[in-house]
Every structure is written in C-alpha cells, then in structure tokens.
Amino acid sequence: MSHGIPNLRLPVIGAPLFVISNPDLVIAQCTSGIVGSFPALNARPAELLDEWLHRITEELAAWDRSHPDRPAAPFAVNQIVHRSNDRLEHDLALCVKWRVPIVITSLGAREDLNTAVHSYGGMTLHDVINDRFAHKAIEKGADGLIAVAAGAGGHAGTLSPFALVQEIRTWFQGTLALSGSIANGRSILAALAMGADYAYIGSAFIATREANAAEAYKRMIVDCAADDILYTNVFTGVHGNYLKPSIVAAGMDPEHLPESDPSKMNFASGAAHKVWKDIWGCGQGIGAIHDVPPAAELVDRLANEFEDAKRALGARC
C-alpha cells in the first residue's frame, strides 16, 4: 500500500501527541507499518532532540537490515510554527541534519520551513481546520494537508469531516490526511471513502503501553466515551478537546471555566507542558478503545478491522 508514503501496511499516520509521543512509541508505530510521529517540543531540553532523532534513525535502519521484506514506515516530526516557539530554528536545523522524512507543521505556515525540508527531499504536511487555512498552506509550499475535523483530539476544528474534505478536494488533489475520531479499521476505510489518502490517528495511541502518558490517563480513555470530551480554548488559547474527568481532577468545573486569553499562548514553555500533563487532551472517538495494548498489537487490530470492513462493504455493494 503506497498512497505516496512508502512501506505502509495501512494508510495511517500516527498523530504527534504533545508530551506523550516518544521514541519508543514512534519506533513501534513505524516498525508496525504506519507513520510514527512526535512533536519536536517533546524532547526537553532542546539538546535531547538530537539524541531522539539519532536513535529513531538508527533503530529504523537496523530494523530494515533485519527485515528486508518488511521495512519500517517513515517517521515524522511535528513543528509548532507559532511565534511563541523560540526553538523552531534550532529544531528545524536538526530535522535537516537528520533528513527527517516527513515534517508536520501546526499553528502557522512558513515558506522557508517548507524550502528547508524540500532541500533534502523531505515531505511537509500542514494541519488545517478549514478551507481558508488549507489554501494558505499550499500557497506557502506545503506538500500535503491534514484536515483536522470536529472530534479530533487536542487542537481540533469544528467542521464535519464530510464538509472539510469535500471542500478541500474541490481544488486540491495532493496528499490529504483526515483527523477526527478515527479509532478503528472501519473509520480508516471511511476516511478513504470520503477522499482522504490517510487516516490520522492520535487518541487511540495514547492508550498504548509505549505512550508517555500516566496510567490514570490511559485508564480514563478506556473508561470514557464521546460525552466525556469538552471543547474549550481555556488551557492554551487555541480550541481543543479534553477529557472532562481530568479537568475535574485538576480542581476545575468543566461547565464553568474562565475565559481564555489567546495572547498568552506559549507552546515552548514549561508551563505549556504542565498544562498538558494535568489536563488531558483526547478526541471523541475513544468509545472504540477498551484496553491498553502494545502499539504493534493496536496496529494489528486496526489492520484486521480495515480488511473486514472492506469485505463487508464489498458484500453490501
């Protein structure tokens, strides 16, 4: 299965999870046949990013030597392109040094970043919540788009995936991933049917053994469902989806949160890390999550469900 990204077992990109994604999870995802990713800001202090990229690059190369018939999928690094991220130039330079195959950009599009990644043959994907931002990203040189629809974990949009994908596909025929409540194989197939090339899955991988998330966080995902998700901008200044029980545990009332000040956003600060450690982001698709398996086992499950869904659809059609 190609879809433009090589060595994929499934048309799936594992979303970069702030605080949670780490080399263990990325390597497990890639060797299982899907794109693994992490936010550059997860490597703290900044010097640790060089070590992470070295380890991921070397371990995936070693896997390929040992499994020539089943090479690893490429990995991706997420860069927050927001003025508060004073690490961007440093982190981008390391992506160029290690020739990171895919760079995912969020909260801003920059032509110079796309040019830097293209200089060594890398691919850039930019996440967008509406058609206007999609146009801006492609105009500034992004290779592809990630449509972040309603129900996605973290910084999500409010548009139906049907509406968002069909608007983008009226003018853009390049690489397109879809994010928003995708947590089983049927949903992966649905994303393709709507016109996306890839399903972009995040929350399901929080509840895996490799994820750098508290056990209580993983258990909360297993125990909760869509009604337990709250959409608010109070924590980072950008609207996102969060687990209500984590807000309660932090001593706040989910129904009576204070107003947010978007000008106070600072994604590179330690304070931002603390927010995401105490207030747990999650998408609405968690009703499909019932246990905490190793990432490879989750990918196996998604692959089996995807094939079952294709057979069932073929029988109905």
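This briefing walks through the packing, openings, backbone and charged pairs of one structure.

Welcome! The model you are looking at is predicted. Its largest nonpolar core has 53 residues, and another core of 27 residues lies apart from that one. The structure also holds 15 salt bridges. The points below take these topics in turn.

**Nonpolar cores**

- In soluble globular proteins, nonpolar side chains tend to be buried together.
- Within the 53-residue core, the residues with the most contacts inside it are Leu-10, Ile-168, Ile-188, Ile-201, Phe-205, Ile-221 and Leu-243.
- Helix 12, which covers residues 295–316, gives the most to this core, with 7 residues.
- Ile-168 offers a good place to look around: leaving aside its neighbours within four places in sequence, Ile-168 is in contact with Val-128, Asp-131, Ala-134, Leu-145, Ala-147 and Leu-176.
- The core of 27 residues includes Ile-27, Val-77, Val-81 and Val-117.

**Helix 1 and its surroundings**

- Helix 1 is mostly covered, with 9 of its 10 residues buried.
- Those buried residues are Pro-23, Leu-25, Val-26, Ile-27, Ala-28, Gln-29, Cys-30, Thr-31 and Ser-32.
- Ile-27 therefore appears both among the buried residues of helix 1 and in the 27-residue core, whose members are buried by definition.
- The partners against which the buried residues of helix 1 pack are strand 1 (12–14), strand 2, helix 2, strand 3 (75–80), helix 8 (203–206) and helix 12.
- Just after helix 1 comes Gly-33, with a positive phi near 105°.

**A pocket and a cavity**

- The second largest pocket has a volume of about 170 Å³.
- Of the 13 residues lining this pocket, Arg-9, Thr-31, Ser-32, Gly-33 and Arg-70 are the closest to its centre.
- Two elements, helix 1 (23–32) and helix 12, give two or more residues to that lining, and the largest share, 3 residues, comes from helix 1.
- By class, the pocket lining divides into 5 nonpolar, 4 polar and 4 charged residues.
- As for enclosed spaces, the count comes to 1 cavity of 30 Å³ or more, and the largest cavity has a volume of about 30 Å³.
- Thr-105, Ala-109, Arg-110, Leu-113, Asn-114, His-126, Ala-137 and Ala-142 line the largest cavity; by class they are 4 nonpolar, 3 polar and 1 charged.

**Backbone features to look for**

- Most residues other than glycine have a negative phi, and most peptide bonds are trans.
- Arg-44 and Pro-45 are joined by a cis peptide bond, with omega about 5°; Pro-45 sits in the loop between strand 2 (36–39) and helix 2 (48–66).
- Arg-99 is not a glycine, yet its phi is positive, about 50°.
- You will find Arg-99 in the loop between helix 3 (88–97) and strand 4 (102–106); Arg-99 counts as exposed because its relative accessibility, 52%, is over 50%.
- Ser-181 is not a glycine either, and it has a positive phi of about 65°.
- The loop between strand 7 (175–179) and helix 7 (185–194) holds Ser-181, which counts as partly exposed at 30% relative accessibility.

**Salt bridges**

- Side chains of opposite charge can pair when their charged atoms come close.
- Arg-9 forms a salt bridge with Asp-300, with the closest N and O atoms 2.6 Å apart.
- This pair links distant parts of the chain: Arg-9 is in the segment before strand 1 and Asp-300 is in helix 12, 291 residues apart.
- Both ends count as partly exposed, Arg-9 with a relative accessible area of 38% and Asp-300 at 35% relative accessibility.
- Lys-97 and Asp-50 meet in a salt bridge of 3.1 Å, N to O.
- That pair also links distant parts of the chain, Lys-97 in helix 3 and Asp-50 in helix 2, 47 residues apart; Asp-50 is partly exposed at 25% relative accessibility.
- Asp-308 forms a salt bridge with Arg-311, and their closest N and O atoms are 2.3 Å apart.
- Because Asp-308 and Arg-311 are 3 residues apart in helix 12, about one helical turn separates them.
- Asp-308 counts as partly exposed at 43% relative accessibility, whereas Arg-311 counts as exposed at 55%.
- A network of salt bridges links Asp-24, Arg-55 and Glu-59.

Notes: Residues numbered from 1 in each chain as written. Predicted model: local features only at pLDDT ≥ 70, side-chain atom pairs only at ≥ 80, totals over all residues. Heavy atoms only, no water. 1 Å grid on protein atoms, 1.4 Å probe; cavity = no way out; pocket = protein on both sides within 12 Å on 5 of 7 lines; lining within 4 Å. Points joined across faces, edges and corners; volume = space filled by probe spheres on them. Nonpolar A, V, L, I, M, F, W, Y, C, P; charged D, E, K, R; others polar. Core = buried A, V, L, I, M, F, W, Y, C linked by side-chain atoms within 4.5 Å. Buried < 20%, exposed > 50% of the residue type's maximum accessible area, 1.4 Å probe, protein only. Helix = DSSP H or I, 4+ residues; strand = E, 2+ residues; numbered from the N terminus. Contact = heavy atoms within 4.5 Å. Salt bridge = Lys/Arg side-chain N within 4 Å of Asp/Glu carboxyl O.
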